[in-house]
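Colleague: I am new to this protein. Please take me through one part of it closely, then set that part in the whole.

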Amino acid sequence: PAYCVSDDSYDDFLDGKGISTPEGREEFRRNFIAKFERELESLGSNTHTVVISSEHFHSRLHTEEEMDNVHRLLSAYFDSIKIVCYIREQGTNCTSSYTTYLRAGGAKTFSEFFRLCTHRNKYYNYYAMLLEWEKRFGFESIDLSIFDQKNFLNSDLLDDFTSKIDPELVGALDKKIKIENESLRPSGQAMARAINCAFPVR
């Protein structure tokens, strides 16, 4: 997503790399395209699908220009594009985001943070977000699912996701992975906030 962010939009990934000028961003884009093309060229002739995945497609791209950049980038390299999207109920999404916020040193109460969960906030307005993808890739290109284990194929997210790409991939992936960024329970959130208040991040 950082490749598609407009020059006048803040991006924490680019900021973390010390890229803060239009010239720096343009150099980043050139390097990205060079690496991207090398990776595509390295794929075997029997490769039929390329998966590009990032939750930041949802949280970092906000403007018409940025969405146009996504379409321009993907359509330049791929004949057929499918947008696989899992959306989480907004209240649950807000609770999960609060955990991430606390881990980054945030000190707001959950009540204060929850006030952000409104249709006026693009992060939680799925209708507005999905409409932008539909405008560029078409309604038929969007495969939308609810992010809830009871809705997953075999109650497994990886099985569900791979079934959308190629049914033969279901069960073929190595699932021995380390779980990261687990949500905190309310008591854990309260403790994290207390620590952040006592030792504020500067």
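Modeller: Here is a look at one helix residue, then the cysteines, then the whole chain. This is a predicted model, where local features need pLDDT of at least 70, side-chain atom pairs count only at pLDDT 80 or more, and totals for chains, interfaces and linings use all residues. Residues are numbered from 1 along each chain as its sequence is written, and side-chain values use heavy atoms, with hydrogens and water left out.

Start with Gln189. Gln189 sits in helix α9, residues 186–198. Helices are DSSP runs of H or I, at least four residues, and strands are runs of E, at least two, numbered from the N terminus. Gln189 is buried, at 8% relative accessible area. Buried means under 20%, exposed over 50%, partly exposed in between, with a 1.4 Å probe and protein chains only. Beyond its neighbours within four places in sequence, Gln189 is in contact (heavy atoms within 4.5 Å) with Thr95, Tyr98, Thr99, Leu102 and Leu184.

Now the cysteines. The structure has zero disulfides, a disulfide being a pair of cysteine sulfur atoms within 2.5 Å. Cys94 is in none; its nearest cysteine sulfur, in Cys117, is 4.7 Å away. Cys94 is buried, at 0% relative accessibility. Cys197 is partly exposed, at 42%. The closest cysteine sulfur to that of Cys197 is in Cys94, 17 Å away, so a bond is ruled out by distance.

Finally, the whole. The protein has nine helices and two strands, in the order α-α-α-α-β-α-α-α-β-α-α. Its C-alpha trace spans about 55 × 50 × 35 Å along the principal axes. Of its 202 residues, 30% are buried.
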